[in-house]
Amino acid sequence: MYYRAAYEGDGWKEALDATTRLFGGSRACIILTDPISGFRSVASVEDPEFIGTEALELSRNDMLTKAWLRAPLNRAQRYREMVDLDAFRQGDYSRRFFKPRDMDNGLLCVFRNGRTTRWSVDISRSKAQPEFEHKDVDLLEQLAGHIRCAKELEIALRHAAFPGIVNLLHAYMVVDGRGRSGDVGIPSHDP
């Protein structure tokens, strides 16, 4: 589903909605930050306020954001392992943007693309839902590499030398058991 979302470009909400259901969560998102394009995200729930200017300003000094910036790459972690969750819940960012959305606990995996770009997959659960378990951490680590590869594929397709590539009917990508890309084959129109 992630590779299909990358190829179609507009299938990320559906893919993240499926991810939310897989983890028994309340919402899921992919966050990208880099010095050139700034902050971008795609989520299972449309919520412009959550990625708006006020939220971004409050997040800059928040303990979860600082922990996100220091998080080990390619390793899923529960919020509880990253910060004092009770202290985080008392902070302005959490009270203003997490609590009203019933985002009580979370699970995320951070990875890097290049020297300065950071990606993360973040899944939240509400207060009524159980906290994430170690099996959830393991599952996210397995999926996160595929999500990262799919987002990179999407960007590559959009910036391809041949702009018509995005409009082809089929594209193929081979990945190994660890989600590493092998070969990208694009069907030829030659006889």
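Helices in this account are DSSP runs of at least four residues, numbered from the N terminus. The model described here is predicted.

Helix H2 covers residues 12-22. Within helix H2, Asp 17 and Arg 21 are four residues apart, which means that about one helical turn separates them. Their side chains meet in a salt bridge, with an N to O distance of 2.7 Å. Asp 17 is partly exposed, at a relative accessible area of 30%, whereas Arg 21 has 56% and is therefore exposed, the cut-off being over 50%. Side chains of opposite charge can pair when their charged atoms come close.

A salt bridge of this kind also occurs in helix H7, where the side chains of Asp 92 and Arg 95 meet at 2.2 Å, N to O. Here the spacing is three residues, so about one helical turn lies between Asp 92 and Arg 95. Asp 92 is partly exposed at 45% relative accessibility, and Arg 95 is partly exposed at 42%.

Helix H8 supplies a further pair, Glu 152 and Arg 148, whose closest N and O atoms are 3.3 Å apart in a salt bridge. Glu 152 and Arg 148 are four residues apart in helix H8 and so are separated by about one helical turn. Glu 152 has a relative accessible area of 23% and Arg 148 one of 22%; because buried means under 20%, Glu 152 counts as partly exposed, and so does Arg 148. Elsewhere, salt bridges with shared partners link Arg 27, Asp 47, Glu 49, Glu 54, Arg 96 and Arg 101 into one network. In total the structure holds 16 salt bridges.

From the charged pairs we turn to the nonpolar interior. The largest nonpolar core has 27 residues, and those touching the most other members are Tyr 2, Trp 12, Phe 23, Leu 107 and Leu 140. Two or more residues of this core come from each of helix H1 (2-8), helix H2 (12-22), strand E1, strand E4 (105-113), strand E5 and helix H8 (134-158). Helix H8 gives the most, with eight residues. Tyr 2 shows how parts of the chain come together: apart from neighbours within four places in sequence, Tyr 2 is in contact with Trp 12, Ala 15, Thr 19, Leu 143, His 146, Ile 147 and Ala 150. A second core, separate from the one just described, has 17 residues, including Ala 55, Leu 85, Phe 88 and Phe 98.

The remaining topic is open space. Rolling a probe the size of a water molecule over the atoms shows where empty space is left. The largest pocket has a volume of about 730 Å³. Its lining consists of 33 residues, with Ile 31, Phe 39, Phe 50, Leu 56 and Tyr 93 nearest the centre. Elements giving two or more residues to this lining are strand E1 (27-34), strand E2 (38-43), helix H3 (53-60), helix H4 (63-70), helix H7 (92-98) and strand E5 (117-125). Strand E1 gives the most, with five residues. By residue class, the lining has 21 nonpolar, six polar and six charged residues.

Two strands link these accounts. Strands E1 and E5 each give two or more residues to the largest nonpolar core, and strands E1 and E5 also each give two or more to the lining of the largest pocket.

Key. Residues are numbered from 1 along each chain as its sequence is written. This is a predicted model: local features need pLDDT of at least 70, side-chain atom pairs count only at pLDDT 80 or more; totals for chains, interfaces and linings use all residues. Side-chain values use heavy atoms; hydrogens and water are left out. On a 1 Å grid over the protein atoms alone, a cavity is a set of points where a 1.4 Å probe fits but cannot get out, and a pocket is an open set with protein on both sides within 12 Å along at least five of seven lines; lining residues have an atom within 4 Å of a point. Grid points are joined across faces, edges and corners, and a volume is the space filled by probe spheres set on the points. Ala, Val, Leu, Ile, Met, Phe, Trp, Tyr, Cys and Pro count as nonpolar, Asp, Glu, Lys and Arg as charged, and the others, Gly among them, as polar. A nonpolar core is a set of buried Ala, Val, Leu, Ile, Met, Phe, Trp, Tyr and Cys residues joined through side-chain atoms within 4.5 Å. Buried means under 20% relative accessible area, exposed over 50%, partly exposed in between (1.4 Å probe, protein chains only). Contact means heavy atoms within 4.5 Å. A salt bridge is a side-chain nitrogen of Lys or Arg within 4 Å of a carboxyl oxygen of Asp or Glu.
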